[in-house]
Amino acid sequence: MNRPKVFVVTSGKGGVGKTTFTANLGCTLAKMGERVCLIDADIGLKNLDVVLGLENRIIYTSFDVVNGTVSAKEALVKHKQLKNLYLLAASQVATKEMMSPEDMKRIVQELYDDFDFILIDSPAGIERGFRNSVAPAEAAFIVTTPELPAISDADRVIGLLENYGFSEDKMYIVLNKFKPHMAKRGDMLDKTDVEKALAMRIIGVIPDSEEVIIATNKGIPAVLEDGVVIGKSFENIVKRIKGEEVPIEEDLKGTSKGLLSSLLSVFKKR
């Protein structure tokens, strides 16, 4: 199998930053020259368009594609700043049951040759929306935070993905909202704890950052702001999925000296 092109971004538990991750990873890929399509599969509760600042530009949604009103390409919205980044928005009035896994496969197939990466933002949970999102995917990002409920749900999602035929080398764990100073004190699980619990390697660590909250409230993915700390984490994740060896400690380069020292001590203590 060639390098995966179609990724589902999932979590099991809501509130771990999955949609924000999708938007920022898509922007990072586009900034690095890739042709990228983001698909919001959270039908009825859409918000990827809001995070991208595109909510006022939506004319058609994936529901219009399913109904045959327009083609998938005609329903795409181009990003304002990144001309090689597109969004296929979800409908706010439809329900997940109004789309099938076969519908999602057909949409992705129509877009497949026009993009280098297609990221499908799955809704939280493991019901119909999850099945729709997983159906056309070749690989999966599983976003979790260093908290036991989130890790337990991530573990359950990994089991489901295995049942759908995903091998371990096509599942990528992302540790989001990581606070190294708390991990150093033993008040938060660290990277090693999470890897042991899930029996899988983490592909990226994204520090907890007020920059994300501020940028999200402005409708701008944080990686499009100058000098943000998390930009390095996303660039490293892209390099790793392309096969480049980048030490995980590099994910917090650019943070303050004290914060970076704390992170390195956490990673090296075991």
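## Exercises on a predicted model

Four bridges join strand E1 (residues 6–10) to strand E5 (residues 117–121), and the two run parallel. The model is predicted.

**Exercise 1.** Place strand E1 between its partners, and find what stands opposite Val 8 in E5 and in E6.

*Solution.*
- Start with E5: its link to E1 is parallel, through four bridges.
- Turn to strand E6 (residues 139–144): four bridges join E6 to E1, again in parallel.
- Now take Val 8. In E5, Ile 120 stands opposite Val 8.
- In E6, Ala 140 stands opposite Val 8.

**Exercise 2.** Sort the side chains of E1 by direction, and decide whether they are buried or exposed.

*Solution.*
- In a regular strand, side chains alternate between the two faces of the sheet.
- Apply this to E1: Val 6, Val 8 and Thr 10 point one way.
- Phe 7 and Val 9 point the other way.
- Check the cover: five of the five residues of E1 are buried. Both directions from E1 therefore lead to buried side chains.

**Exercise 3.** Describe the largest nonpolar core, then list the contacts of Leu 38.

*Solution.*
- Nonpolar side chains tend to be buried together in soluble globular proteins.
- Here the largest nonpolar core has 41 residues. Those with the most contacts inside this core are Phe 7, Phe 21, Leu 25, Leu 38, Leu 52, Leu 85 and Phe 141.
- Helix H1 (residues 18–31) gives the most to this core: six residues.
- Set aside neighbours of Leu 38 within four places in sequence. Leu 38 then contacts Thr 22, Ala 23, Gly 26, Leu 48, Leu 52, Leu 85, Tyr 86, Leu 87, Leu 88 and Leu 119.
- Another core, of 24 residues, lies apart from the largest one. Among its members are Val 134, Val 157, Leu 161 and Phe 178.

**Exercise 4.** Explain why Cys 27 and Cys 37 form no bond with each other.

*Solution.*
- A disulfide is a covalent bond between the sulfur atoms of two cysteines.
- The cut-off is a pair of sulfur atoms within 2.5 Å.
- For Cys 27, the closest cysteine sulfur is in Cys 37, at 13 Å. That is too far for a bond.
- Start from Cys 37 instead: its closest cysteine sulfur is in Cys 27, at 13 Å.
- Cys 27 is buried, at 0% relative accessible area. Cys 37 is buried too, at 0% relative accessibility.
- Final count: the structure holds zero disulfides.

**Exercise 5.** Inspect the start of helix H9 (residues 210–217) and the stretch just after H9.

*Solution.*
- At the start, a side-chain oxygen of Ser 209 reaches to within 3.0 Å of the backbone nitrogen of Glu 211.
- Just after H9, Gly 219 takes a positive phi of about 70 degrees.

Technical notes. Residues are numbered from 1 along each chain as its sequence is written. This is a predicted model: local features need pLDDT of at least 70, side-chain atom pairs count only at pLDDT 80 or more; totals for chains, interfaces and linings use all residues. Side-chain values use heavy atoms; hydrogens and water are left out. Buried means under 20% relative accessible area, exposed over 50%, partly exposed in between (1.4 Å probe, protein chains only). Two strands pair if DSSP finds at least two bridges between them. A nonpolar core is a set of buried Ala, Val, Leu, Ile, Met, Phe, Trp, Tyr and Cys residues joined through side-chain atoms within 4.5 Å. Contact means heavy atoms within 4.5 Å. A polar contact is a pair of N or O atoms within 3.5 Å; within protein, one must be able to donate a hydrogen and the other to accept it, and residues adjacent in sequence count only if both atoms are side-chain atoms.
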